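Have a look at the model below before reading on. The notes after it walk through some helix packing, a few covered spots and a couple of backbone oddities.

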Amino acid sequence: MSPTATTDALTNGTNGVNEVNGVNRVNGVNGVNGVNGVNGHSHKLQFEKYNNIINNELTATAKTRHNINPATTQPNPEVPVSTQDDVDKAVAAARAAFKPWAKVPVEERGQKLRDYADAIESYTDDFAMLLTLEQGKPLAQSVQEIGMATTWLRTFSTMKLPEEIVEDNEDRQVINRYTPLGVACGIVPWNFPILLAMGKVAPALYTGNTLIIKPSPYTPYCDLKLVELGMQFFPPGVLQALSGEEDLGPMFTTHPDIDKISFTGSSATGKKVMAAAAPTLKRVTLELGGNDPAIICEDVDIEKIIPS
């Protein structure tokens with residue numbers, strides 16, 4: 001599985017911002033490093049309990065679900081199942097946070113992303129273990145994915161957003177500049193949940209937008225913890241995350257107060273995302289796959305597996 005790249009326009013300029021794609025502990029692990037976050041406060045991230053993050057608050061839901069550790073078939077911890085009310089609250093918080101965040105100087109936004117990258121890196125062992133627990137890739141590949149994700153955060157946060165004077169004469173002056181769009185939603189797939197989440201977080205926040213991350217139902221754990229960690233660096237409503245079932249995506253793609261959808265996933269679902277975004281004229285970036293080969297081992301009972 002190799003990452004691919006696409007262009008994600010998260011500003012109103014003529015050019016977009018590049019958006020790049022791509023040991024068992026059933027009950028989670030304890031964070032080992034304190035992180036200096038907003039206002040110098042230190043907070044140790046814990047990995048036993050998983051919540052939605054709405055307006056920089058850890059929120060629970062009436063209904064929860066859990067996934068299965070693919071290596072052991074043992075249950076992973078419970079995660080929230082979000083409702084339309086949760087989505088509405090998150091979108092309202094993102095909308096309220098948008099204008100103040102857009103006014104933060106781009107240099108300051110970039111520094112916050114780099115500080116965030118440092119914090120994620122300090123939890124490399126914990127996030128790598130968690131990623132292997134929920135997604136199943138070898139631990140060495142999990143460590144590599146975290147390294148790639150922090151590299152993206154640091155790289156995107158140094159990109160230039162120059163103003164260009166297109167025309168300047170006695171009658172008029174035409175300036176091309178990059179201005180934030182508003183509220184964005186990043187829909188993240190299961191195969192690279194850390195890398196692809198950060199590939200949406202970095203360009204969105206750097207260019208002055210607010211963002212809600214919707215993890216894959218198959219791999220919600222790392223993304224929830226990544227956004228929880230982000231509470232130490234970003235103001236309320238700027239970066240949020242909601243976990244849920246298959247019906248959660250359409251709640252975002254049809255929401256009238258979301259301006260942008262960044263989706264990575266299958267071609268079939270991408271068509272549904274584009275159709276759902278059309279009535280509200282949302283901007284969409286679709287990185288689509290679904291044509292990869294699969295290897296089926298000889299001991300697999302196909303007739304038994306397919307119905308399940």
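What follows is a short tour of this predicted model, starting with the helices.

## How α4 packs against α3

Start with helix α3, residues 124-135, and helix α4, residues 139-156: their axes sit 8 Å apart, at an angle of about 125°. The two helices are therefore oblique to each other, since the angle is neither over 145 degrees nor in the 65 to 115 range. The crossing of α3 past α4 is right-handed.

Who does the touching? On the α3 side, the contact is made by Thr124, Phe127, Ala128, Met129, Leu131 and Thr132, and α4 answers with Leu139, Ser142, Val143, Glu145 and Ile146. Sorted by class, that contact of α3 with α4 has seven nonpolar residues, three polar ones and one charged one.

## How α4 packs against α2

Helix α2, residues 106-122, also packs on α4, at an angle of about 165° and with the axes 8 Å apart. Because that angle is over 145 degrees, α2 counts as roughly antiparallel to α4. Here the crossing is left-handed.

From α2, the residues Leu113, Arg114, Tyr116, Ala117, Asp118, Ile120 and Glu121 meet Ile146, Thr150, Leu153 and Arg154 of α4. The split for this contact is six nonpolar, one polar and four charged. Ile146 of α4 turns up here, and Ile146 is also part of the contact with α3.

At residue 156, α4 holds a phenylalanine. Is phenylalanine 156 buried or exposed? Its relative accessibility is 4%, so phenylalanine 156 counts as buried. Its C-alpha atom is separated by 9.7 Å from that of valine 201, although the two residues are 45 apart along the chain.

## A lysine tucked into the α3-α4 loop

Between α3 and α4 there's a loop, and lysine 137 sits in it. Lysine 137 has a relative accessible area of 5%, so this charged residue is buried. What does its side chain reach? A polar atom of that side chain lies 3.0 Å from the backbone oxygen of asparagine 191.

Beyond its neighbours within four places in sequence, lysine 137 is in contact with Leu131, Thr132, Ser142, Glu145, Asn191 and Phe192. Of these, Leu131, Thr132, Ser142 and Glu145 also take part in the contact of α3 with α4.

## More covered spots: threonine 207 and α6

Threonine 207 belongs to the loop between α5 (193-206) and β12 (210-214). With a relative accessible area of 3%, threonine 207 is buried. Its side chain comes to 3.2 Å from the backbone oxygen of alanine 204.

How many residues of helix α6 are buried? In this helix, residues 221-230, it's 10 of 10. The buried set includes charged residues, among them Asp223, Lys225 and Glu228, as well as Tyr221, Cys222 and Gly230.

## Two loop residues with positive phi

Most residues other than glycine have a negative phi. Asparagine 55 goes the other way, with a positive phi of about 55°. It is found in the loop between β5 (52-54) and β6 (57-59), and at 35% relative accessibility asparagine 55 counts as partly exposed.

Threonine 73 is another non-glycine residue with a positive phi, near 65°. Its loop is the one between β7 (64-68) and β8 (75-80). Threonine 73 has a relative accessible area of 58%, so threonine 73 is exposed.

Key:
Residues numbered from 1 in each chain as written. Predicted model: local features only at pLDDT ≥ 70, side-chain atom pairs only at ≥ 80, totals over all residues. Heavy atoms only, no water. Axes fitted to C-alpha atoms, helices over the stretch in contact; angles between N-to-C directions. Helix = DSSP H or I, 4+ residues; strand = E, 2+ residues; numbered from the N terminus. Parallel < 35°, antiparallel > 145°, perpendicular 65-115°, else oblique. Left-handed = near helix turned anticlockwise from the far one by under 90°. Contact = heavy atoms within 4.5 Å. Buried < 20%, exposed > 50% of the residue type's maximum accessible area, 1.4 Å probe, protein only. Polar contact = N/O pair within 3.5 Å; in protein donor to acceptor, adjacent residues only side chain to side chain.
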